[in-house]
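User: I am new to this structure and would like to learn how to read its features. Please take me through them in turn.

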Amino acid sequence: MITMYGIKNCDTVKKARNWLDNERVAYSFHDYKVSGVDRDRVEEWVMEHGWETILNRSGTTFKALDAGDKAHIDADKAILLMLASPSMIKRPILDTGKGTIVGFKATTYENALQGVKA
């Protein structure tokens, strides 16, 4: 089963969901702002892609942190920040069952999901 992780009101998530719907790809949506996200899942994403990719440093939540929280970030600190505030997780994250895709690009989704469409 394909699962998209994100926040429902995020513009990039909306684009990704529209693409999946238009391509008739079955998926479930996990809003980590509403339902949270567990430590194991965040750690898996960080191991697969690196904390630098998973931590959304361009968002307002990260930018609002004080300088001390932004300083000396490593994987462990990034994971703690994302667990404390899931809005700091890059989105969407699409779990295809074979791996995850961070962000949205139609060509990336197309290549990863060949043969999955209804």
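Analyst: Helices are DSSP runs of at least four residues, numbered from the N terminus. The model shown is predicted. Within it, aspartate 40 lies in helix α2, which covers residues 39-49.

User: Is aspartate 40 buried or exposed?

Analyst: A residue is called buried under 20% relative accessible area, exposed over 50%, and partly exposed in between. Aspartate 40 has a relative accessible area of 51%, so the residue counts as exposed. As for its place relative to the start of the chain, the C-alpha atoms of aspartate 40 and isoleucine 2 are separated by 18 Å, and these residues are 38 apart along the chain.

User: Which residues gather with Asp40 in a patch of negative charge?

Analyst: Asp38, Glu44 and Glu48 join Asp40 in that patch on the surface.

User: How should I read a salt bridge, and how many does the structure hold?

Analyst: Side chains of opposite charge can pair when their charged atoms come close. The structure holds one salt bridge. Its partners are arginine 39 and glutamate 43, whose closest N and O atoms are 3.0 Å apart.

User: Where do arginine 39 and glutamate 43 stand relative to each other in helix α2?

Analyst: The two residues are four apart in helix α2, so about one helical turn separates arginine 39 from glutamate 43. Arginine 39 is partly exposed, with a relative accessible area of 38%. Glutamate 43 is also partly exposed, at 25%.

User: Let us turn to the strands. Which way do the residues of strand β1 point?

Analyst: From strand β1, residues 3-6, Thr3 and Tyr5 point one way, while Met4 and Gly6 point the other way. All four residues are buried.

User: In which sense do β1 and strand β2 pair?

Analyst: Strand β2 comprises residues 28-31, and its pairing with β1 is parallel, over four bridges. One example of a bridge partner is phenylalanine 29 in β2, which is matched with methionine 4.

User: What is the accessibility of serine 28?

Analyst: Serine 28 belongs to strand β2. Its relative accessible area is 28%, so serine 28 is partly exposed. Although serine 28 and leucine 94 are 66 residues apart along the chain, their C-alpha atoms are separated by 9.9 Å.

User: I should also like to understand the backbone. What is the general rule for phi and for peptide bonds?

Analyst: Most residues other than glycine have a negative phi, and most peptide bonds are trans. With that rule in mind, consider arginine 24, a residue other than glycine whose phi is positive, near 55 degrees. Arginine 24 lies in the loop between α1 (11-22) and β2, and the residue is exposed, with a relative accessible area of 60%.

User: What is phi of histidine 72, and where does this residue lie?

Analyst: Histidine 72 has a positive phi near 55 degrees, in a residue other than glycine. Its place is the loop between α5 (67-70) and α6. At 77% relative accessibility, histidine 72 counts as exposed.

User: Which peptide bond is cis or trans between arginine 91 and proline 92?

Analyst: The bond from arginine 91 to proline 92 is cis, with omega near -10 degrees. Proline 92 is found in the loop between α6 (75-84) and β3 (93-95).

Technical notes
Residues numbered from 1 in each chain as written. Predicted model: local features only at pLDDT ≥ 70, side-chain atom pairs only at ≥ 80, totals over all residues. Heavy atoms only, no water. Patch = residues over 30% accessible without salt bridge, like charges linked within 9 Å, V, L, I, M, F, W, Y side chains within 5 Å. Areas by Shrake-Rupley, 256 points an atom, 1.4 Å probe, with all protein chains shown as cover. Salt bridge = Lys/Arg side-chain N within 4 Å of Asp/Glu carboxyl O. Lys, Arg positive; Asp, Glu negative; His and termini not counted. Charge placed at Lys NZ, Arg CZ, Asp CG, Glu CD. Buried < 20%, exposed > 50% of the residue type's maximum accessible area, 1.4 Å probe, protein only. Pairing = 2+ DSSP bridges.
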